[in-house]
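Trainee: I am new to this structure and would like to take a close look at a single part of it. Could you walk me through one helix, the partners around it and the charged pairs at its end?

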Amino acid sequence: MTKEDGPVFLLFGKSGWIGGLLTELLTAEGARLELATARLEDRAAIIAEIERVKPTHVLNAAGMTGRPNVDWCETHKVETIRSNLLGCLNLADVCMARDIHMTNYATGCIFHYDDDKFAQGNGVGFKESDKPNFTGSYYSYTKAIVEDLLKEYPNVLTLRVRMPIIQDITYPRNFITKIIKYDKVIDIPNSMTVLPELLPYSIEMAKRKLTGIMNFTNPGAVSHNEILQMYKDYIDPEFKWSNFTVEEQAKVIVAPRSNNLLDTKRIESEFPEILNIHDSLKKFVFAPLAEKKEETLAGVKEMRGR
C-alpha cells in the first residue's frame with residue numbers, strides 16, 4: 001500500500017466501545033483499516049505495528065475509563081497512568097517521528113461549572129483554549145495532563161468526547177442506559193456526544209488532517225431530566241424517577257463527576273449541518289427507538305430488572 005492510494009487507517013483500541021463503532025463505520029465505507037494489537041505502553045510494539053501497516057492515519061480509541069465506571073481508576077492509579085498518559089504519549093511521539101496524523105478520542109470531562117464566567121445556565125461554554133478546571137477524579141486528572149502535553153504535537157487531533165450516547169439504550173456504557181437504571185439522578189445540563197452523528201465527522205476530520213483540540217459534542221446542553229422525559233414520551237409513559245442533589249450523589253460514588261458546557265464553534269465551523277443536542281437525540285436515538293417501542297421497552301425492563 002502507498003499513500004497515493006488513499007488513506008490507510010490503523011486503529012488502536014479495537015476491543016473498546018468507540019473502537020468497535022469506528023471499525024463498523026470504516027468497514028462499511030470500504031476504507032483500508034488495520035486493527036492494532038500492540039499495547040500502548042509498549043513502544044517497540046507500536047513501532048513494529050506502524051512499520052508493518054504504514055498507515056497514513058492513526059486512530060487512538062484506547063485508554064482506561066474503568067469498570068464499571070471511573071471510580072475504578074481511583075484504586076488503580078498506576079494502570080491508569082500507563083494507559084491514559086504514558087501510552088497515549090508513546091503513540092503520538094512515534095506517529096510524529098513518521099509524519100503520521102493521529103486522532104485521539106479523549107474526554108471533555110476535565111471542566112466543571114464554576115460560580116463566575118462558566119456558571120451553570122449562563123450559556124458560556126469552555127473553549128478549546130481554556131485550561132481544565134476539574135481534577136476531581138483520577139481519570140479526569142490524567143486526561144487533563146495528557147491533553148496539555150499533546151498540544152505540543154503538531155500531528156495530533158484531540159477530540160473531547162462527553163457523556164457519549166448511542167441508540168442502544170441497554171448498552172452499559174451508554175449515558176442514557178446509566179441514568180435509566182437509577183431510581184434517583186442529579187439534574188444538571190451538560191454537553192454530550194451523540195456518537196451516531198459525530199463519529200462519522202471524526203473520520204472526516206482525520207482525512208482533513210485537522211489538529212489541535214476539538215470540543216467533540218453536539219451544540220447546546222441537555223439535562224438528565226430532559227433525557228428521561230424524552231424516554232418517557234417516546235418509549236415508556238409509565239416511567240418514573242426522582243432527583244437528588246450533588247451532595248447526596250457524592251455519598252454513593254467514590255470520585256466527583258464533571259458537569260459542564262463546552263463551546264462548539266469550532267466543530268460547527270467544520271460541519272455546519274451538526275444538530276443541536278436535543279434534535280440529535282430525537283433523530284438518532286428516540287425517534288428510531290419509538291418505531292420498535294415494544295422491543296425497546298422489553299429490553300430496558302430486562303436490563304433494569306424491574
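Mentor: A good place to begin is Lys-207, which, with a relative accessible area of 36%, is partly exposed; please keep in mind throughout that this is a predicted model. Lys-207 forms a salt bridge with Glu-29, and the closest N and O atoms of the two are 3.0 Å apart. Because Glu-29 lies in the loop between H1 and strand E2 (32–35) while Lys-207 belongs to helix H7, the pair ties together parts that are 178 residues apart in sequence. Glu-29 is itself partly exposed, its relative accessible area being 43%.

From this salt bridge we can turn to the two helices themselves. Helix H1 covers residues 17–28 and helix H7 residues 195–208, and their axes come within 10 Å of each other, crossing at roughly 70°. An angle from 65 to 115 degrees counts as roughly perpendicular, and H1 and H7 are therefore described as roughly perpendicular to each other. The crossing in which H1 passes H7 is right-handed. On the side of H1, the contact is made by Trp-17, Ile-18, Leu-21, Leu-22, Leu-25 and Leu-26, and on the side of H7 by Leu-195, Leu-199, Pro-200, Ser-202 and Ile-203. Sorted by class, this contact of H1 with H7 has 10 nonpolar residues and 1 polar residue, with no charged residues.

Helix H7 also holds Arg-208, which forms a salt bridge with Glu-270, the closest N and O atoms being 2.7 Å apart. Here too the pair links distant parts of the chain, since Glu-270 sits in helix H10 (residues 265–270) and Arg-208 in helix H7, 62 residues apart. Both partners count as partly exposed, Glu-270 at 24% relative accessibility and Arg-208 with a relative accessible area of 37%.

To place these two pairs in a wider setting, the structure holds 13 salt bridges. Among them is the pair of Arg-39 and Glu-41, whose closest N and O atoms are 3.7 Å apart. Arg-39 counts as exposed, at 56% relative accessibility, whereas Glu-41 is partly exposed, with a relative accessible area of 35%.

Returning to helix H7, then, we have followed its contact with H1, made by residues that include Leu-199 and Ile-203 of H7, and its two salt bridges, one from Lys-207 to Glu-29 and another from Arg-208 to Glu-270.

Methods
Residues are numbered from 1 along each chain as its sequence is written. This is a predicted model: local features need pLDDT of at least 70, side-chain atom pairs count only at pLDDT 80 or more; totals for chains, interfaces and linings use all residues. Side-chain values use heavy atoms; hydrogens and water are left out. Axes are lines fitted to C-alpha atoms, for helices over the stretch in contact, and angles run from 0 to 180 degrees between N-to-C directions. Helices (H or I, at least four residues) and strands (E, at least two) are DSSP runs, numbered from the N terminus. Angles under 35 degrees count as roughly parallel, over 145 as roughly antiparallel, 65 to 115 as roughly perpendicular and the rest as oblique. A crossing is left-handed if the near helix is turned anticlockwise from the far one by less than a right angle, and right-handed if clockwise. Contact means heavy atoms within 4.5 Å. Ala, Val, Leu, Ile, Met, Phe, Trp, Tyr, Cys and Pro count as nonpolar, Asp, Glu, Lys and Arg as charged, and the others, Gly among them, as polar. A salt bridge is a side-chain nitrogen of Lys or Arg within 4 Å of a carboxyl oxygen of Asp or Glu. Buried means under 20% relative accessible area, exposed over 50%, partly exposed in between (1.4 Å probe, protein chains only).
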